[in-house]
Each structure stands twice: as structure tokens, then as C-alpha cells.
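Let's look at this one together. Here is the structure, followed by a few questions to work through.

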Amino acid sequence: MSKIVFERTKALTDNEFSYCAGCTHGIIHRLVAEVLEELNLIDQAIGISPVGCAVTNYNNFNCDMVQAAHGRGPAVATGIKRVIPNRIVFTYQGDGDLASIGTAEIVHAAHRGEKITVIFVNNAIYGMTGGQMAPTTLIGQKTSTSPFGRTIEQSGMPIRMSELLATIPGAAYIERVSVHNPAHVRKAKQAVKRAFQTQFDQKGFSLIEFISTCPVNWGMTPNKALKWAEENMIPYYPLGVFRDDTKEVKG
Amino acid sequence: MAKLMMKGNEAMALAALKGGCKAFFGYPITPQSELPEYLSRYMKEYGGVFLQAESEIAAINMVYGASAAGVRVMTSSSSPGIALKQEGISYMAGSELPGVIINVMRGGPGLGGIQPSQSDYKQVTRGGGNGDYYCLAFAPESLQETVDIIKEAFDLSDLYRNPVMIAVDGLIGQMMEPVDVDKEIKKHKISEKDWATDGTMGQRERRIVNSLYLNTPELEEHCIKLHTKYQKMKENEQRYEIVHGDDAEIMIVAYGTMARICRSAIEILREQGILVGLIRPISIWPYPEIAFDQLSPTVKGLLTCELSMGQMIDDVKIANKGRLPISFFGRSGGMIPETEEIVEAVMKMRGGLVK
């Protein structure tokens, strides 16, 4: 007699992920979904899909979903949250979406202290469009639009969004995590939980930045990509909590 | 109810509240800023949400979000700001989301000026956003008409699940006129928003608001569905006024403030025995083509008058179907013509027709 030891979380649909083999989007989706289920938030959740590799993830999260224009997720989330404040609203955004075209929207959503949760996936490249340079591409990293490697002279230093957003008073919880090994996956899930709890408790804006990979556009095997992320990305994008105002006692 | 003496922008804001608007997202720009100013003060009394966004781009995307959540929502701006909102408007049309957008038009292109203009006609009626879509668009001439149309616009927007644009020139935003904001308007039967993404609350299947169709046949099917809706708007929403349609030799075609100046010119000309009339489009999309199909046989020519270098004239040509000669008179850049200039333009055209 066999017994069930593991099940797909109810917060994910049966739809197949559209991601390439070895990409960590799948893990991140599952973490977000498991947290929604564990905090009993699926029924009141509204997710915002980005433009980029996760563009069709409205097919994956088993709650109401709204697809947003490139970078505008935090504005769309603001519109929803302001008119139905007792719901849980989250955006899911890549580095092109959040750290390039959508910088105004993310900065001002944080600045207003919008009670939304942002899942920010940073893999240092534009995956969907075929491997172009992102604002988070590392110095020296070769992409299809930085074929000789990114230089400071041409493009400046890679942008660190968590550090930038952590300077904003409206941001209540900002943490950067990684999913390059099982220990970090577990830690990342706790961070996602903290972020959604922050929103549920009406504490303010929350964002979790994931260090992610793109084996296909980095030109690496999945294992090598995980190792590369650990050895190259984490030194420049250190993991940790950058802002936590959730424990502050008001009054 | 008694009439109130109100400034255009404020009357439009109050009309929105009377029309059931429960959320406003906008960004300041001249000459429409009194509209968000008014709502920032009074929206709360009506149980709604007011938020000044960081940009027009953010504002329209907040409108997109609030609309997706099933709430009556609007934004307002002026020409360059509307240009920035086009991306979001295209997404709203593609996702079939309602919403009212007020454009208090000023002169362009570029930063242009801040004086009244109708030079956004093509932007409004052809869309500045990408894809196969249209906004239902109205261009009223008085504050009363503007107020009535704004109130109805929320219904129409819900009815068709499509953005509705109200395009008035800056003069209408800035002038004062008596208005009855509680005047009864046409009511439409609106069905429940069984598409809104406001959280399942465990009561229903999940919903998706989306304009992405990566599968080509599916996108075509979606475009055909939208097109069918636009055809329905063309059948039902062509609105116009005809003045002196029975005996006119020349029909002026003008809307908004320009139509009001033309009315004065028509009076002067009629006193001189010159038979001039007016076709005044109230809906500019759909364009009231039917008005041109039932003109009196006395009409010998059409004179299009605009506060632009000539944009609506293309629609006049389409609606005219090659039947009558068409002339044009326009002032641009925020310049507003004297009545005499219209009189002269009519006389000039008349001279040409006699030959």
C-alpha cells in the first residue's frame, strides 16, 4: 500500500511551466505558491504577470491573475490594492522588467509604501528576447548586446535593486535570496513567507530578490549555471535582509 | 436641480463622481489640473480612491489594475500626457477593460503649448497605441453636454468593456458655464462584471485579465471579436447634431469649441441671406458617417473647420464618399479664430462653388 508523501501545491495549476531546462523560475514559482497555500492566501490573492520569461505565468498560479505591460506591474498592483485593500496582491518581475524599464514604478510603489509583495527574479540577462544585456549583467559578462563583455565605460555598474530600494522609508521588508542549492531554497521560502506576512499584516511594501540563472543564454549546463551564480553573482549581489521595518512598534 | 456655475475641469470631475467613478489615478498637466485637484478634495466623500501617480504611464497602469479589479475608474490628462498613456490604453482595449479617459487637448506636437487645440484628433480616434483597437470617443461642445457624456461614458465603457475617451479642447476645461450635474441621462443595462480579477474568495473559478495571445489563430480570433464589438459601436453610438440642415448650401463640419464659433458665424451669414448649416460630430469615434448620408439636396459643399491643421477632414472625406467638394479652415498652435475668419472662409468657398 503506497501513501502520498508529496503533492503539488494547490496554488499551482496543472499547466506545464514554459521555462527552459535548468532555469530556476520553476523553483521560485513553487516557493511563492507554497507560501500562498501555507498562509491560506490563495483565495484572496491577485498576481501580476510581467513581460519576460514569466509572461505567461498567469497560467501557473492558481489564483486571479492580471498580465501587465513591461515594467508596469507595481503600478497595476497599486491600482488593484488601492481599490480592494483587503486582498493580497503580488507582482512577479524579472530584472529587465523591474530594474530597467520599470524603475520608476518599483521605486514609487515602494516609496508610497504600497502594501504589495514583489517577487524579483534577477538572472543578469534578458532571457525571453534571447540573451541581451540587462541592467544587472555583471562587468565582463558576455551577452548578445555586450558581445565583448559588459564594461563600466559603456553601461555603468550593474544595478543593485535591493540595496537601492532598502533606502526608501516606505519599504518594510527587503531581502535577497538565492536558490542555487537546497539549503538556500529552504531559506528563500522563509523570506517569501516573511514578505507575504508583511503585506498581510499591513506593514508596507515587501520585496524578495532572487538570484536566478539562465543556462541557455549564459551558455552553460544547469549545474554549471548554478555554480556560476554562486561564484559570480552572489559576491556582487550579497544575500541577506536589507530592510526590515516589520518589527517596529508604532506609537 | 438648479444649475451651478462651474469651471469646465471641475464640472468634469463632479460629473465623474456623479457617474459612479470610484477611483482616479492621474498626473498633473496644464490645462486639466483642476480636475485631479477637485477629485483629491471630494473623491473621499463619494467613497472612492484618489491617487496622484508618479507619471502618466504609472497612472494609466493603475487605471488598468483598478479596472481589472472591477471598479469604475478614470484618469485625465492633456495631449502630451495622453501620448504617454497610449500603451496602457492599448492594453485596456486588448484586455477588454473599461475606463474613462479625459483628454483636455492643448497644442502640439512635442511639448507644444498650453492653449486650446484639437490637434489630437488622430491620436484620439485612431489610437496612439499599438494594435487593432479603437476607443469610443466623444467631443462635446458645452459644459452641460460634457457633463452628460462623462456620466454616460462610465456606463458605455462597462457596456462595451472598452476604454472611452472624452476629448475636449483646453477652452472647455478652462471656461465657466452653468451646468446641471444631476440632469437625467440615458441609462444602459450593465451586466455583472463576471470577468473581474478581485480575488476568488473561494467562491468561483479563478480569472485572468490578459491581452497576450501567443498562438496566432487565437490572436486573430480575439481581434475579430474586438472588431465585432467596434462594429456594434459604429451601429449604435454615432452621435451628431445638424443645424439648418433643411436649406443650407454649405454645411460646416466642426466639433467642440470650433463648432461654437461656427454657430456664431452661421448666424451672421444667415442674416446676410447666405444659407449655411452645421454638422457637429459629438462622437468622433465612431465618426457620425450617417449624418453625411442624409444631407439635403440643397447642400453644394462642405467646409471643415478645426483647431488644427486638418485632421478630422480625413473622416469628412471618408463620410462624404466623394459626393461634395470639401474645403478646410483651421487655426493651430492654440490660436482660436474670430467669427469673421469663419465667415470669410465660407464666403471664399461659396465664391469657388458659384464658378
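What follows is a set of questions and answers on this predicted model.

Q: How many helices and strands does the secondary structure of chain A come to?
A: This is a good place to start with chain A. Its secondary structure comes to 9 strands, and the helix count is likewise 9. Put together, the answer is 9 helices and 9 strands.

Q: Why is chain A as compact as a globular protein of its length?
A: Chain A has 251 residues, for which the globule rule gives 18 Å. Its C-alpha trace spans about 55 × 50 × 30 Å along the principal axes. The chain is as compact as a globular protein of that length because its radius of gyration is close to the rule's value, at 17 Å.

Q: What percentage of the residues in chain A is buried?
A: Burial here means 20 or more other C-beta atoms within 10 Å of a residue's own. Among contacts in chain A between residues at least 6 apart in sequence, 67% join residues at least 24 apart. Of the 251 residues in the chain, the buried ones make up 55%.

Q: Which strands are the edge strands of the open sheet?
A: The sheet has 8 strands with mixed pairing, in the order β9(A)-β7(A)-β8(A)-β4(A)-β3(A)-β1(A)-β2(A)-β9(B). An edge strand pairs on one side only. That description fits β9 (240-244) of chain A and β9 (208-209) of chain B.

Q: Which residue in β3(A) does Ile46(A) stand opposite?
A: Strand β1 (residues 45-49) of chain A and strand β3 (residues 88-94) of chain A run parallel, joined by 4 bridges. Within this pair, Ile46(A) stands opposite Val89(A).

Q: At what angle to β7(A) does helix α7 of chain A run?
A: Helix α7 (residues 182-200) of chain A lies across β3, β4 (117-122), β7 (171-178) and β8 (205-211) of the chain. Relative to β7(A), the helix runs at about 165 degrees.

Q: Which residue of β9(B) stands opposite Met65(A)?
A: Strand β2 (residues 64-67) of chain A pairs with β9(B) in the parallel sense, over 2 bridges. In that pairing, the partner of Met65(A) is Ile208(B).

Q: Which element gives the most to the side of chain B that touches chain A?
A: The contact involves 35 residues of chain B and 29 residues of chain A. On the chain B side, the elements that give two or more residues are β2, β3, α3 (56-68), α4 (79-94) and β9. By class, this side has 19 nonpolar, 10 polar and 6 charged residues. With 9 residues, the most comes from α3(B).

Q: Which residues of strand β3 of chain B point to one face and are buried?
A: In a regular strand the side chains alternate between the two faces of the sheet. Strand β3 (residues 49-52) of chain B follows this alternation, with Phe50(B) and Gln52(B) pointing to one face and not buried. Phe50(B) stands opposite Phe24(B), and 4 bridges join β2 (residues 23-26) of chain B to β3(B) in parallel. The buried pair, on the other face, is Val49(B) and Leu51(B).

Q: How far apart do the C-alpha centres of domain 1 and domain 2 of chain B lie?
A: Chain B is divided into domain 1 (4-236) and domain 2 (240-354). Their contact takes 27 residues from domain 1 and 22 residues from domain 2. The distance between the C-alpha centres of these two domains is 28 Å.

Notes. Residues are numbered from 1 along each chain as its sequence is written. Chains are lettered from A and ligands numbered from 1 in the order in which they are written. This is a predicted model: local features need pLDDT of at least 70, side-chain atom pairs count only at pLDDT 80 or more; totals for chains, interfaces and linings use all residues. Two strands pair if DSSP finds at least two bridges between them. Two residues are in contact if their C-beta atoms, placed from the backbone, lie within 7 Å. Axes are lines fitted to C-alpha atoms, for helices over the stretch in contact, and angles run from 0 to 180 degrees between N-to-C directions. The radius of gyration is taken over C-alpha atoms; the globule rule is 2.2 Å times the number of residues to the power 0.38. A residue is buried if 20 or more other C-beta atoms lie within 10 Å of its own, exposed if 12 or fewer, and partly exposed in between; C-beta atoms are placed from the backbone. Domain bounds come from an automatic or database domain assignment. Ala, Val, Leu, Ile, Met, Phe, Trp, Tyr, Cys and Pro count as nonpolar, Asp, Glu, Lys and Arg as charged, and the others, Gly among them, as polar.
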